[in-house]
Amino acid sequence: MFKPAFCIILLLGFFGISQNETYTVSNIGLNDKKPHFGLSFDKEGGVLFTSYLVNKNGRVKLVMSGDGILSLYSGKITEKGEIEEVETLLIDENEDVSNITSASYSPNGKYLYVTTTYENRKNKPKGNFKKENFHIEIAEFKNGIGWTNFSVLPFCEPKYSYAHPVSSPDGKALYFIANIRGGKQTAKGASDIFKVEMLGNETYSEPINLGGNVNSYSKEMFPFIGHDNTLYFASNRPGGFGGFDIYKCPINADGTYGKAEKMPNPINSKKDDFCFVIDAENKTGYFTSKRDGGKGDDDIYYFELSK
């Protein structure tokens with residue numbers, strides 16, 4: 001049986017935010033002992049997330065090393081914010097892509113961007129590279145087949161790690177994290193947030209580091225761009241509540257970034273909080289947290305914002 005939903009309501013005037021803003025946060029019924037993270041929306045109003053692949057008996061499928069296999073799931077959002085009618089995302093059975101840690105759709109829904117590795121893959125690059133490095137691939141959907149024709153994005157160099165891709169709402173830029181080293185765009189910390197401009201005809205600009213107003217000497221993860229041009233992300237920089245915290249900053253009209261601010265409790269907690277997404281109306285959304293009172297490893301929380 002599920003535990004009663006963990007629910008917190010907190011007036012945010014204490015944090016310098018409008019005293020009329022209230023967040024309501026609840027642990028959704030989907031959660032269990034397995035992790036649930038890597039959240040993104042689809043254009044039909046559903047949600048995409050990552051969790052372990054399970055067999056017919058509900059047991060986690062394992063690789064030879066004994067680690068669980070991560071896979072993508074899609075679900076429908078109910079009026080109360082629950083995620084139901086959950087299904088494994090349909091991927092072409094002839095593709096050897098596996099262990100996908102996060103994914104998101106292009107704004108028009110035609111393409112899927114995934115974070116994965118070269119482990120047990122036919123498309124391994126030549127030369128030496130770290131097997132644990134992540135990279136980003138793009139796929140297209142074909143009826144009756146599923147997501148197929150996976151290919152590595154051209155700016156992903158095997159010597160670096162790239163992850164957590166998400167498009168801007170207008171589809172003109174792709175944001176992600178990476179540990180690129182060297183030159184003016186070098187990462188400050190273990191992983192920084194970067195973007196590439198989408199130039200058309202499957203071409204991209206060189207990766208652009210978002211700079212010191214966004215990135216720190218710590219680790220940034222899971223960027224998301226709201227429809228009001230607000231950048232949300234997680235970071236374990238000093239000065240937070242504890243672990244990874246969720247931050248936000250405005251993207252200005254000239255393409256610069258305002259200084260990142262950590263979001264208040266109850267969005268953040270003393271434990272890891274990340275994978276923040278918010279709907280087009282800036283009223284509801286989800287994030288993942290390891291906070292006390294959860295049901296398992298990484299739980300998905302639903303929130304409502306009233307003003």
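This is a short talk about one serine and a handful of salt bridges in a single structure.

Okay, thanks everyone. Before I start, keep in mind that this is a predicted model.

Let's begin with Ser216. Where does Ser216 sit? It's in the loop between strand E15, residues 208-209, and strand E16, residues 220-225. And is Ser216 buried or exposed? With a relative accessible area of 10%, Ser216 is buried, because the cut-off for that is under 20%.

So what does the side chain of Ser216 do in there? For one, a polar atom of that side chain lies 3.1 Å from the backbone nitrogen of Ser218. Then there's Glu220, whose side chain makes a polar contact of 2.7 Å with the side chain of Ser216. If you set aside the neighbours within four places in sequence, Ser216 is also in contact with Lys188, Gly189, Asp192, Ser235 and Arg237.

Right, on to the salt bridges. How many salt bridges are there? The count comes to nine, and I'll walk you through some of them.

First up on my list is Arg121 with Asp96, a salt bridge at 3.0 Å, N to O. Arg121 is in the loop between strand E8 (111-116) and strand E9 (135-142), while Asp96 is in the loop between strand E6 (83-88) and strand E7 (102-105), so this pair ties together parts that are 25 residues apart in sequence. As for burial, Arg121 counts as buried, at 7% relative accessibility. Asp96 counts as partly exposed, at 25%.

Next, have a look at Glu197 and Lys195. Their side chains meet in a salt bridge at 2.9 Å, N to O. Here Lys195 is the buried partner, with a relative accessible area of 13%, whereas Glu197 is partly exposed at 27%.

And then Asp298 with Lys290. The closest N and O atoms in that salt bridge are 2.8 Å apart. Asp298 counts as buried, at 8% relative accessibility, and Lys290 is partly exposed, with a relative accessible area of 34%.

One more thing, going back to Arg121. Which residues are joined into one network by salt bridges that share partners? That would be Asp96, Arg121 and Glu137. So when you pull up the Arg121 and Asp96 pair on your screen, bring up Glu137 along with them, because Arg121 and Asp96 link those two loops and Glu137 belongs to the network too.

That's all from me. Happy to take questions.

How values were computed. Residues are numbered from 1 along each chain as its sequence is written. This is a predicted model: local features need pLDDT of at least 70, side-chain atom pairs count only at pLDDT 80 or more; totals for chains, interfaces and linings use all residues. Side-chain values use heavy atoms; hydrogens and water are left out. Helices (H or I, at least four residues) and strands (E, at least two) are DSSP runs, numbered from the N terminus. Buried means under 20% relative accessible area, exposed over 50%, partly exposed in between (1.4 Å probe, protein chains only). A polar contact is a pair of N or O atoms within 3.5 Å; within protein, one must be able to donate a hydrogen and the other to accept it, and residues adjacent in sequence count only if both atoms are side-chain atoms. Contact means heavy atoms within 4.5 Å. A salt bridge is a side-chain nitrogen of Lys or Arg within 4 Å of a carboxyl oxygen of Asp or Glu.
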